[in-house]
Amino acid sequence: MAHGLLKGKRGIITGALNDQSIAWKVAEEAHAEGASFVLSNAPVAMRMGEIKKLAEVTGAEVVPADATNDADLEKLFGEAQQKLGGKVDFVLHSIGMSPNVRKGRTYDDLNYDWYKQTLDVSAMSLHRMLQAARGADALAEGGSVVALTYIAAQRVFPDYGDMADAKALLESITRSWGYRLGREKRVRVNTISQSPTMTTAGSGIKGFDGFFGFAEAMSPLGNAPALDCARYCITLFSDMTRYVTMQNLYHDGGFSTTGVTPEVMAKFTG
Ligand SMILES: NC(=O)c1ccc[n+]([C@@H]2O[C@H](COP(=O)([O-])OP(=O)(O)OC[C@H]3O[C@@H](n4cnc5c(N)ncnc54)[C@H](O)[C@@H]3O)[C@@H](O)[C@H]2O)c1
């Protein structure tokens with residue numbers, strides 16, 4: 001049920017690859033809540049993905065941008081303002097990729113060129129985006145930026161590999177930009193730390209089923225689905241959360257503060 005929470009707001013939503021993507025659900029929910037927005041993804045993902053379908057149903061325009069390319073990002077913020085008819089009220093950063101994780105290189109055997117790519121694509125891209133946005137003075141007063149992260153930034157999940165470092169950097173960049181943009185334009189910057197979710201990025205991680213099942217058993221509410229993550233994003237884009245900034249917000253069914261559950265105990269009791 002829509003509430004018009006984003007009525008009149010303009011946004012940029014990155015990272016919608018297919019209908020499993022968290023960003024895909026954010027786009028559907030933002031549309032239902034009355035927002036107009038531009039969709040963006042890496043040019044290569046445009047060819048493989050299904051973003052045009054999403055653009056049709058949400059009335060969005062698509063602007064390709066590689067999030068590691070400053071010229072692409074400048075173009076993205078320039079074109080978004082033109083197409084939407086004003087400054088941008090909200091930005092979703094929903095971008096993550098590790099060549100090391102993809103190619104099975106464990107944390108004690110990293111390829112350092114790939115490690116740099118992991119950090120660039122998954123974390124520095126947020127910095128680049130906000131620097132490009134600020135350079136173009138593209139963010140509206142009181143706007144909101146959300147990036148998606150994972151609890152491996154705080155605790156070790158061995159198979160998450162170098163993505164853990166990328167997420168820690170992403171969360172730090174969130175605070176550093178949040179401070180600056182808050183003072184300058186009352187723009188909020190937060191991360192949402194999401195439960196394991198069955199998406200292309202998620203299921204690319206070795207042992208993902210194990211991750212998913214463990215988190216499910218350790219969360220009083222169960223793992224948070226992508227749709228609910230999208231709804232949480234909407235609240236942060238809305239005017240209902242104007243004083244929430246520089247936070248890492250867990251959207252994980254209670255996983256992050258649960259010590260143990262009977263389901264997990266049962267594995268160790270005779
Ligand atoms: N799936 C999970 O279990 C989970 C849990 C917590 C956080 N997250 C985070 O949520 C975000 C979205 O991931 P998802 O699970 O929806 O998977 P997804 O694979 O659907 O989305 C990842 C997106 O990143 C895009 N991307 C990769 N390289 C890019 C580049 N150079 N430039 C621009 N875009 C690029 C991909 O094209 C894709 O659309 C990621 O940051 C991910 O780490 C996912």
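**Loops and the ligand shell**

Q: Between which helix and which strand is the place of Met246?
A: Met246 sits in a loop, with helices (H or I, at least four residues) and strands (E, at least two) being DSSP runs numbered from the N terminus. This is a predicted model, where local features need pLDDT of at least 70, side-chain atom pairs count only at pLDDT 80 or more, and totals for chains, interfaces and linings use all residues. Residues are numbered from 1 along each chain as its sequence is written. The flanking elements are helix H10 (226–237) and strand E7 (248–251).

Q: Is Met246 buried or exposed, or in between?
A: Met246 is not a glycine, yet has a positive phi of about 60 degrees. C-beta atoms are placed from the backbone, and 20 or more others within 10 Å make a residue buried, 12 or fewer exposed, and counts in between partly exposed. Met246 has 17 such neighbours within 10 Å, so it is partly exposed.

Q: How many other C-beta atoms lie within 10 Å of Asp137?
A: Asp137 lies in the loop between helix H6 (112–135) and E5. Although not a glycine, Asp137 has a positive phi of about 45 degrees. Asp137 is exposed, because the number of other C-beta atoms within 10 Å is 12.

Q: Which element gives the largest share of the shell around the ligand?
A: A residue counts as near if its C-beta atom, placed from the backbone, lies within 6 Å. Of the 28 residues around the ligand, those coming nearest include Ala201 and Gly202. Helix H1 (22–32), strand E5 (139–149) and helix H8 (200–203) each supply at least two shell residues. The largest share, three residues, comes from H8.
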